[in-house]
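Work through the exercises below with the model open. Try each task before you read its solution.

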Amino acid sequence: MMAVCLQLCRSFGRSLCLGVLSALLLWLIPPSPAMAMTPKHYTELTFPPLPELQVPAYERRQLSNGMVVYLLEDHEWPLVRGTVIFRAGSRWDPPAQVGLAEISGDLIRTGGTQAHRAAAIDEWLEDRAASIESGVGKTLGRINFNSLKEHSEAVLNLLAEMLQAPAVEPERFELAIRRRQGIIQRRDDQPNAQAEREFYKLIYGPKSPYARTQELETLANITPADVQQFYRTYLAPSRCILGLVGDFDASEMGDRLAAIFGPWQDPPNLPPLPPLPPVTADTSPATVVIHRPHLSQSYIYTGQLGGTLKDPDVFTLYVLNGVLNGFGGRLFNEVRSRQGLAYSVYAAWSPEFDYPGVFYGVGQTQTETTAKFLSALRQEIERLQQEPVGSAELNYAKDSILNSFVLIFAIACKF
C-alpha cells in the first residue's frame with residue numbers, strides 16, 4: 001500500500017497524494033461510536049419560530065365601465081399573472097343545449113377574435129412563452145393568463161380583444177364539439193366519476209341544472225350562433241372581476257388597465273342575468289347501484305344536501321372536515337388503517353356560494369367489503385353526533401387549517 005502511495009506522489013505531486021491518503025484512512029478505519037450520528041426522535045427536534053403571517057397588501061379599483069380590478073405587487077420574478085372571472089355558468093344552459101356554457105368558455109380562447117385568427121393567436125403566445133386559458137363551469141367563467149413582464153401589456157391587450165370581440169371560427173367550433181363528444185363516449189371508463197355523477201343526480205334530481213350532464217343530443221343542438229349569443233349575454237365589463245399579481249407598480253398598472261379595458265362598455269341592451277335555478281331536492285333516502293361485474297372494487301359516494309358559505313356554522317364545519325380527514329383524521333385512522341376497509345376514504349362538508357352544496361362520504365373498497373365499509377363510515381359520522389371531539393383531535397384539525405392558511409399566500413403569490 002505504501003509503495004502505491006509513494007508512486008502516486010512521484011507521478012501526481014504532493015497535494016494529490018495527501019488527498020488519496022486521507023480518503024484511504026477514512027475507508028480503512030471504522031468510525032468510532034463518538035463519530036457516528038444517532039438520529040433523534042421527532043419529539044426531540046427543535047425548530048426556530050415561524051415568522052408572523054404577513055397578509056399581502058393589495059389595491060382595489062373599479063373602472064368607469066364597472067369592471068372591478070385587484071392588483072397585488074410581487075417583484076420576486078419578472079412575471080405577470082392574472083385571472084378574469086365573470087358571471088356565467090352551465091346551470092343556465094337551456095335544457096336542450098346542456099354543454100353550451102362549456103363550449104362557449106373553451107372558444108373564448110380557442111375560437112379566435114374578430115381581428116386575429118385562432119392559429120395566429122396560438123403562435124403569438126407560444127413565441128412569447130405566454131398563455132391564456134379559458135373555461136366556464138357550473139357557476140362562473142374564468143380566464144387565466146400569464147406572461148413575462150416585458151410582454152404583459154401585449155397579453156392584456158389580447159385578453160381585452162378576446163372579451164370584447166370573440167369570434168367562433170367554424171373549424172374550431174367543430175373541434176370543440178368533437179372533444180366534448182369524445183369525453184361523453186369515454187366517461188363511463190372511469191367508475192369513480194360515474195358514481196359521482198349518479199350521486200349528484202340523487203341529491204339534486206336528474207333534471208336539476210346542478211346535476212344534469214351533457215349528452216350527444218344536447219351538443220348536437222348547439223350552433224355557432226348560440227355561442228355568440230352566450231357572449232352577448234354574459235361578457236360585459238360590469239360582470240367581470242380582474243385580479244392581477246406580478247412585477248409591476250400597482251398605480252401604473254391601474255392606469256394601464258383603465259386605458260386597455262376602459263373603452264369596453266356594457267351594451268345598451270344587455271339582458272339581465274337569469275334567476276338562479278332553485279334547489280328542490282327530494283331528501284328521502286335512496287340508493288343507486290351501478291352493476292359493473294368486471295370490477296374488483298366498489299366506488300362509493302354517500303351523503304346529503306349541505307349548506308352555503310353564508311351558513312353561520314361555516315368555520316365550525318371546516319374544522320369538522322379536519323377532524324374527519326387527512327393522515328391524522330378519524331376516517332383514515334379507523335376505516336383505512338385499523339379496519340383495512342378502504343384504499344381511500346374521506347368525507348367533507350362542501351358548501352357553495354349561492355346554492356346549497358353537499359356533505360359527502362367517499363371511498364373505494366373491495367367488492368365483498370362494500371357493506372362493511374358503509375357501516376364503518378356511518379359509525380364514524382354518527383360518533384361525531386353522539387360524542388364530543390377530544391381536545392387533541394380538535395387542536396390537530398385547527399392547526400392543519402391554520403398551517404395551510406399560511407401557505408395559501410406563499411403559493412398564490414408565486415404561481
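**Exercise 1: The whole chain**

Task: How many helices and strands does the chain have?

Solution: The chain has 14 helices and nine strands. Both are DSSP runs, numbered from the N terminus: helices are H or I with at least four residues, strands are E with at least two. The model is predicted, so local features need pLDDT of at least 70, side-chain atom pairs count only at pLDDT 80 or more, and totals for chains, interfaces and linings use all residues. Residues are numbered from 1 along each chain as its sequence is written, and side-chain values use heavy atoms, leaving out hydrogens and water.

**Exercise 2: One residue**

Task: Is Ile121 buried or exposed?

Solution: Start with the place: Ile121 lies in helix α4 (residues 118–127). Its relative accessible area is 2%, so Ile121 is buried (under 20%; exposed is over 50%, partly exposed in between, with a 1.4 Å probe and protein chains only). Next, look beyond the neighbours within four places in sequence. Ile121 contacts, among them, Arg109, His116, Leu158 and Met162 (heavy atoms within 4.5 Å). Leu158 is 37 residues from Ile121 in sequence, and their C-alpha atoms are 8.7 Å apart.

**Exercise 3: A sheet**

Task: Which strands stand at the edges of the open sheet of three strands, and why is one side of each left without a neighbour?

Solution: Write down the order: β7-β9-β8, with antiparallel pairing (at least two DSSP bridges between two strands). β7 (297–305) and β8 (344–350) are the edges; each has a single partner strand, so one side has no neighbour in the sheet. Now check one pair. β7 and β9 (residues 358–366) are joined antiparallel over nine bridges. Leu305 has Val358 in β9 as its bridge partner.
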